[in-house]
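Trainee: Before we start, I would like to go through the pockets of this predicted model. I will ask what stands behind each term.

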Amino acid sequence: MIPQVLEVAARGSFLHKSLGFLEIKRQGTIVGQVDLDQFQTLLITSPSVTLSSPLLSDLANRHIVVILCDSHYVPNAILQPLASHNQEGDRLQDQINMTEPMRKNYWKQIVAAKLRHQAIVLDSYQKKNVARLHKLSSDVHSGDPDNKEAQGARLYWQSLYGEAFRRQQKGSGKNVLLNYGYTVLRSAVIRGLYSAGLNPAIGLLHSPNRNPFCLADDLMEPYRPMIDALVYQLEGNLTPEIKAILSKSLTIDTLYKEEKVPLGKVFQNIAWDMVTSLKSKSKSLNLADMPVEVSEWTREIITSVGTR
């Protein structure tokens with residue numbers, strides 16, 4: 001099943017459960033009903049939405065991720081189920097027992113994959129610095145002590161979006177679109193972690209001090225370039241059509257162990273593989289590769305939304 005994102009952006013909406021449906025009311029009138037089995041992420045982007053407690057409880061039972069965003073579409077709260085998996089205690093102990101060499105080698109693989117994917121995006125759009133990013137990817141050491149990730153970021157952003165672009169969460173223009181796309185991506189990672197019983201607060205590199213979902217932010221790093229590639233093709237404000245395009249990023253097929261797996265589902269595979277690696281004390285982590293035909297799949301998604 002492909003994860004679907006349901007966004008509620010209208011002010012004054014009241015959300016509650018009605019039989020097997022999420023029902024939306026405004027000013028006492030029903031304006032929408034959505035089958036609770038038809039979406040896996042509920043995105044609240046309006047500051048004046050009310051949710052009933054029975055609905056919140058049911059969403060948690062179904063492991064549907066609920067994300068509340070600020071005005072820049074950056075998540076500022078996420079509803080987390082208390083009991084997400086029947087072996088959560090064992091998983092938590094395995095995460096706590098993760099050794100430093102394991103943590104550093106996982107991070108090495110993540111950074112190398114991110115740099116490789118960034119190079120694929122630049123190559124697809126005939127930008128410069130492709131070879132330099134591939135070189136950085138092949139030179140990443142355990143724990144990335146030379147911070148190849150940051151070196152790559154400086155080359156990547158300027159090559160993709162121009163010398164004047166600065167990636168800022170509170171920025172405008174493409175930054176807003178990137179925030180929204182990353183939020184959609186993060187929701188899929190969080191759901192994947194819960195499905196495997198992993199605690200997203202125990203990360204590899206991102207600090208848990210201000211981020212209870214740092215493991216999600218670690219594992220999504222190699223797939224941010226897929227959002228970047230879509231945003232490159234988009235212009236203007238964050239319209240409903242552009243939101244639909246970015247939400248459909250989760251339907252893009254990645255290559256995981258030589259099989260095509262949609263981006264929105266592959267994080268369950270990666271999370272389960274991480275469970276196995278933690279249990280066996282392996283330093284290796286299986287990650288998915290992004291599709292190399294970037295121009296092709298970005299065009300297909302944009303066209304499908306524009307012609308629906």
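Mentor: Begin with the largest pocket, whose volume is about 500 Å³. It is lined by 25 residues, and Trp157, Arg167, Gln169, Tyr182 and Arg224 are the closest to its centre.

Trainee: What makes Trp157 a lining residue of the largest pocket?

Mentor: A lining residue has an atom within 4 Å of a pocket point. Trp157 is among the 25 residues that line the largest pocket, so it meets that cut-off.

Trainee: Which helices each supply at least two residues of this lining?

Mentor: They are H3 (100-124), H5 (148-161), H6 (174-195) and H8 (224-232). The largest share, 6 residues, comes from H5.

Trainee: How is the lining of the largest pocket divided by class?

Mentor: It has 10 charged, 9 nonpolar and 6 polar residues. Tyr counts as nonpolar and Arg as charged, so among the residues closest to the centre Tyr182 falls in the nonpolar class and Arg224 in the charged class.

Trainee: What is the volume of the second largest pocket, and which residues lie nearest its centre?

Mentor: Its volume is about 370 Å³. Of its 17 lining residues, Ile252, Asp253, Pro291, Glu293 and Trp297 lie nearest the centre. Strand E9 (253-256) and helix H11 (294-306) are the elements that give two or more residues to this lining.

Trainee: Why is E9 called a strand?

Mentor: A strand is a DSSP run of E with at least two residues; E9 spans 253-256, so its length meets that minimum. The largest share of the lining, 5 residues, comes from H11. By class, the second largest pocket has 7 nonpolar, 3 polar and 7 charged lining residues.

Technical notes. Residues numbered from 1 in each chain as written. Predicted model: local features only at pLDDT ≥ 70, side-chain atom pairs only at ≥ 80, totals over all residues. Heavy atoms only, no water. 1 Å grid on protein atoms, 1.4 Å probe; cavity = no way out; pocket = protein on both sides within 12 Å on 5 of 7 lines; lining within 4 Å. Points joined across faces, edges and corners; volume = space filled by probe spheres on them. Helix = DSSP H or I, 4+ residues; strand = E, 2+ residues; numbered from the N terminus.
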